[in-house]
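Could you take me on a walk through this model, one selection at a time? I have the viewer open and would like to know what to click on next and what is there.

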Amino acid sequence: MRIAHVGVLTTTFLWAAVCALCASAVEPWSIAVSKGAQSDEAVRLALNDLASEAAARELAITVVSDEQPVTGRAIVLGDASRNAETARLVGSGALTLQPLSDPEGYEIVTLGEGDSRTLIISGGSIIGNVYGLYWVLDRLSVAGRIPDINTLRVPAMKVRLGAAWGRNGFGGTDKEQMHAALRQSMNWVSGPAILDLVPWESEPEAAANAANREKARELIAYAHALHMKYFSFANEFTYHPSLLEKTGATLSPDDPRFWDAVQQKYRMLFSALPELDGIELCNDDLSGFWDAYRPYDVMHENPECDWSYEKRFRTFVRKVHEVTVGEFGKTYFHFTWSLSPHEVHTQPAVFREIFTQEVPTDGLYLIPKITTADRWWHQPYKPTFNLTPHKTLVLFETMNYYEGGLTHLFPTFSGRYFQGGLQTFLQPESCNVNGIAALAGRMRDGWDTTGAHAYVLYRLMWDPYDSMEQIAEDFCAINFGQEAAKDMARVYMLSPVAYKYGLHIEPISYGQFNSFLHMRVGTFPADGYPAIDRGKEHLEFLRKIYLRCKPWRAETLDDLYHGLDTAQEMQSIFDGVKPRLANVELAADLQNRLVMTRNLIRTNIGYVETIFAYFDYVDSDIPQHREALAKALAQLQEARVDFSATPGYGYDLFGVDVLRENAEALLQDRAMALADLAAIPGRAELDSIIASQQARYSAVLAEQGGKAVKLAHVEVMVDGQDILELSGNEYRIKHLRWDGPHVRECTLFTQLPRERVTVIPRDIQSRPMHPFVLEQPGPENDYTARIYLDDLPGGNDWFIFDVYYIPEAPETLGLAIPWKRD
């Protein structure tokens, strides 16, 4: 066997291959590659990936020239027009290849047997060859060897996109990500956000974005070298104020100059960065802005404007299309996500009314999610596919809304649900589905939820009708070995059953946008202000759950216990397969995650059973109800203790603890507990009290300006509820609900004294519920001031404010905390 010098492969790689050949236990393989293919970056990456995996399986792969016939075990890369060895085999009659109409497709044919096998990878183009190499790599990873392969594969999904959100592009942010995207057959990747690329006529944005564009050019060039296209994302409408100044526009749909400003934004983008292949936009959930940039909800703001929602949406798409596709010949992806159940995201009639014949079809792809709402279970498939001639992509997200980065739960394998949805959308003769979009964070391989999500989509984008059982088994063979694959696949396939039935409360999973009301990522949230209202508002929320479940109480619990039984079944199967896992640390981690999942479900069941028992006893003071509440509370506490004691525990149990505290009070003295709750102000009265406190802040600062000491300046993006804690010369933000805070600045100018003082926030910019002081510093809280940040209404926005203190007690200034608890 002759080893050719290959310039694009490192000396280390070749030397390792030569050394490997010398080992008698190593199986040698050669790959015949033409000189032209050897210079292709995508081919280089695929060859290195295959060689690396082969080395781990005791195979040695050597790249050789296609100028000489191959011998022994060999792979020949390219059809007869791209590889001389393939041409010789075809010319001799030893090989017949089928014509490929799709350049991304490939055929693999195995000739010979045993030590004289030859695999020919005949792609429709260079990238088809690369995809064929990665299929060989996949088969090697599954089987532990290079098997005979005889197949013709063409991607069913022609557009395969790594979707973006906010400031985060996925698949194209660096070379490592593009490498991963190539392995997963993505042909569109996303990079820097549009706001960070437009040449705004303002500093420091202009200089910063000029540097961003230079970096983007390098990334785009690399994507093109990998035969991918590159796009950027924006939540719309987001802008720099200089754009409105330049165009003289006002923020209103009925101002023609506003649409001039929208178009000018994209002219500026593509003129400054013509290398960019396209854009992805979304007109709702305006969370993608930062620094000096501003959002404008063109679909909902300016209610005095008589433009309908449909007209606003349709006009926006048309105006962007005119520039993006019409003027610059780029591709326009529009993510039709919305937070409203009455709009484009979920309503077929609204979708049709927006995407009429007035909206061009060329160069435009619409991207609905697979779920009717968000990434929760108990979700029907999206009803807005196949309604108009406009091409669509199906967007897939991980279906693990209960799992956070620190929760250490067992992965969620959503394959069956994804496959059922994709097949549903592909069924009609007038199908407009052209591809898929994956929105799951940084692309990576692995056995976790993200890795499972990536592998399922990799397989479905090529064949939506492949056996999901086989896909799961292949995934587990890759990650856990062939010996464990079949049983580990059973465990993975059961995971969505455990989570869907063990965590969701079925009667409250319908009738509103959110089918998972009582939980969120890593959290059992608590409604209202528990630190102020002792959980009164949260209990009102829980009573609604109680009443909706009451007619179906037994069935509700049956579902929950079915989820628990499934989690126990997963543990039982794993106990049998654990000895077959070679990696002892991985086996222990998986076992612990299964315990964590089971204890989370136990805690959720305890929560629901305590809700039922609590309101039974509130409504009827009989011994049986008291006994049932005591039993349910004890079971909840046992599950909670086991859950929190599981290694790696990282959940917040705010809502659970609010119920537990109130249940304990009810058992201790029912009459007093109910009387105390009745005396606590409701939400409207609390809002009024808070507003009075905030008005007093301004008055006190005006009266005591000479005494006020500036303590801090704070700029933080809030989505939900957070508490800013100030103590000494330190600060921290305690996150309570929805997405976590983003701190742009928190500058402390002095130290908060360890004595009685009055802390006062001075609002600069915030939502209607401005910052307010939850706790003043004192010995009872180790002289810590706590400032509550509540981002009402929905979405997110900046809280910008200063914090002062006055060296006097709150009582002397009329700022005693009215909700202070003993």
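Before the first click, a cut-off: buried means under 20% relative accessible area, exposed means over 50%, and partly exposed covers what is in between. Keep in mind too that this is a predicted model.

**Stop 1: V497.** Select helix α15, residues 482-503, and pick out V497 within it. Buried or partly exposed? V497 has a relative accessibility of 25%, so it counts as partly exposed. Now show its surroundings: setting aside residues up to four places away in sequence, V497 touches G502, H562, G563 and T566. If you want a long ruler line across the view, draw one from V497 to D174: the C-alpha atoms are 36 Å apart, with the two positions 323 residues apart in sequence.

**Stop 2: T450.** Next, select residues 449-462, which form helix α13, and highlight T450. The relative accessible area of T450 is 14%, so this residue is buried. Beyond the neighbours within four places in sequence, the contacts of T450 are A440, R442 and R444.

**Stop 3: D40.** Go to the loop between α2 (35-38) and α3 (41-56), where D40 is found. D40 comes out at 13% relative accessibility, and therefore counts as buried. Which residues does D40 contact once neighbours within four places in sequence are left aside? They are I126, A225 and H227. For another distance label, try D40 to I127: 9.6 Å from C-alpha to C-alpha, although 87 residues separate them in sequence.

**Stop 4: the cores.** Time for a bigger selection. The largest nonpolar core has 217 residues, and Y266, I279, F480 and Y614 are the ones with the most contacts inside it. Helix α19, residues 584-619, gives this core its largest share, 17 residues. A second core lies apart from it, with 21 residues that include L686, Y697, M769 and I806.

Back in the largest core, zoom in on I279. Apart from neighbours within four places in sequence, I279 is in contact with a list of residues, among them I194, F231, Y266, F270, V320 and F333.

**Stop 5: α19 and its partners.** Show α19 together with helix α20, residues 623-645: the two pack at about 160°, with axes 8 Å apart. That angle makes α19 roughly antiparallel to α20. The crossing of α19 past α20 is left-handed. Colour that contact by class and you get 13 nonpolar, 6 polar and 7 charged residues.

Then swap α20 for helix α21, residues 654-668. Here α19 and α21 pack at about 35°, their axes 10 Å apart, and this crossing is left-handed as well. To see who meets whom, select Y607, T610, I611, Y614, Y617 and V618 in α19, then G655, V656, L659, N662, A663, L666 and L667 in α21. The class split for this contact is 10 nonpolar, 3 polar and no charged.

**Stop 6: α21 and α22.** Keep α21 on screen and add helix α22, residues 670-679. The axes of α21 and α22 come within 5 Å and cross at roughly 130°, so the two helices are oblique to each other. On the α21 side, choose N662, A665, L666 and Q668; on the α22 side, choose R670, A673, L674 and L677. By class, this last contact has 5 nonpolar, 2 polar and 1 charged residues.

Notes:
Residues are numbered from 1 along each chain as its sequence is written. This is a predicted model: local features need pLDDT of at least 70, side-chain atom pairs count only at pLDDT 80 or more; totals for chains, interfaces and linings use all residues. Side-chain values use heavy atoms; hydrogens and water are left out. Helices (H or I, at least four residues) and strands (E, at least two) are DSSP runs, numbered from the N terminus. Buried means under 20% relative accessible area, exposed over 50%, partly exposed in between (1.4 Å probe, protein chains only). Contact means heavy atoms within 4.5 Å. A nonpolar core is a set of buried Ala, Val, Leu, Ile, Met, Phe, Trp, Tyr and Cys residues joined through side-chain atoms within 4.5 Å. Axes are lines fitted to C-alpha atoms, for helices over the stretch in contact, and angles run from 0 to 180 degrees between N-to-C directions. Angles under 35 degrees count as roughly parallel, over 145 as roughly antiparallel, 65 to 115 as roughly perpendicular and the rest as oblique. A crossing is left-handed if the near helix is turned anticlockwise from the far one by less than a right angle, and right-handed if clockwise. Ala, Val, Leu, Ile, Met, Phe, Trp, Tyr, Cys and Pro count as nonpolar, Asp, Glu, Lys and Arg as charged, and the others, Gly among them, as polar.
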